[in-house]
Amino acid sequence: VNYVGNYAFANCTALTTPSFEDKTGTGYYELGTHIFYGCTGLTSIALGDNVIVVTTHKNFDDLTDIFE
């Protein structure tokens with residue numbers, strides 16, 4: 001499991017395009033709750049090959065792209 005903890009990037013207003021790549025061969029990331037809370041600059045999330053994102057945080061209102 002590639003785990004990114006709760007509130008990991010909270011209030012990182014300069015974060016615009018985080019990228020998640022499967023470097024361990026597990027094929028997925030587990031993202032904690034509110035991982036992008038307060039990230040007002042977030043516009044997209046880049047996913048590497050075969051990466052599935054699992055999260056319980058639903059507040060992606062300003063997100064324009066999630067791409068692989």
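Trainee: Is Phe 9 buried, exposed or partly exposed?
Mentor: Phe 9 is partly exposed, at a relative accessible area of 25%. Buried means under 20% relative accessible area, exposed means over 50%, and partly exposed is in between, using a 1.4 Å probe and protein chains only.

Trainee: What am I looking at, and how are residues numbered?
Mentor: This is a predicted model, with residues numbered from 1 along each chain as its sequence is written, and local features need pLDDT of at least 70, side-chain atom pairs count only at pLDDT 80 or more, and totals for chains, interfaces and linings use all residues. Side-chain values use heavy atoms, with hydrogens and water left out.

Trainee: Where is Phe 9 found?
Mentor: Phe 9 is in the loop between β1 (2–4) and β2 (19–20). Strands are DSSP runs of E with at least two residues, helices are runs of H or I with at least four, and both are numbered from the N terminus.

Trainee: What is Phe 9 in contact with?
Mentor: Leaving aside neighbours within four places in sequence, Phe 9 is in contact with Val 4, Leu 15, Phe 20, Ile 35, Phe 36, Tyr 37 and Cys 39. Contact means heavy atoms within 4.5 Å.

Trainee: And how many residues apart are Phe 9 and Phe 36 in sequence?
Mentor: Phe 9 and Phe 36 are 27 residues apart in sequence, and their C-alpha atoms are 5.4 Å apart in space.

Trainee: Where does Leu 15 lie?
Mentor: Leu 15 lies in the loop between β1 and β2. With neighbours within four places in sequence left aside, its contacts are Phe 9, Phe 36, Cys 39, Gly 41 and Leu 42. The C-alpha atoms of Leu 15 and Thr 43 are 8.6 Å apart, with their positions 28 residues apart along the chain counted as separation.

Trainee: What about Thr 16, what is it in contact with?
Mentor: Leaving aside neighbours within four places in sequence, Thr 16 is in contact with Gly 41, Leu 42, Thr 43 and Ser 44. Thr 16 also lies in the loop between β1 and β2 and is partly exposed, at 38%.

Trainee: Then Ser 44: buried or exposed?
Mentor: Ser 44 is buried, with a relative accessible area of 7%. Ser 44 is found in strand β4 (residues 44–47).

Trainee: Which side chain does the side chain of Ser 44 make a polar contact with?
Mentor: That of Thr 17, at 3.3 Å. A polar contact is a pair of N or O atoms within 3.5 Å; within protein, one must be able to donate a hydrogen and the other to accept it, and residues adjacent in sequence count only if both atoms are side-chain atoms.

Trainee: Changing topic. How many disulfides are there in the whole structure?
Mentor: Zero. A disulfide is a pair of cysteine sulfur atoms within 2.5 Å.

Trainee: Why is there no bond from Cys 39 to Cys 12?
Mentor: Because their sulfurs are 5.3 Å apart, which is too far for a bond. Cys 39 is buried, at 8%, whereas Cys 12 is partly exposed, at 32%.

Trainee: Which residues are in the largest nonpolar core?
Mentor: There are ten: Val 4, Phe 20, Tyr 29, Leu 31, Ile 35, Phe 36, Cys 39, Leu 42, Ile 45 and Leu 47. Strands β3 (28–31) and β4 each supply at least two residues of this core. A nonpolar core is a set of buried Ala, Val, Leu, Ile, Met, Phe, Trp, Tyr and Cys residues joined through side-chain atoms within 4.5 Å.

Trainee: What is phi in Tyr 7?
Mentor: Near 60°, a positive value in a residue other than glycine. Asn 11 has a positive phi too, of about 65°, and is not a glycine. Most residues other than glycine have a negative phi. Tyr 7 is partly exposed, at 42%, while Asn 11 is exposed, at 52%.

Trainee: How many helices and strands in the protein?
Mentor: Zero helices and six strands. Of the 68 residues, 31% count as buried.

Trainee: Last one. What is the mean pLDDT of the protein?
Mentor: The mean is 75, and 69% of the residues reach 70 or more. pLDDT is the predictor's confidence in each residue, from 0 to 100. Among the elements, strand β6 (residues 65–67) has the lowest mean, 56, and β2 the highest, 82. Where pLDDT is low, the predicted coordinates should not be read in detail.
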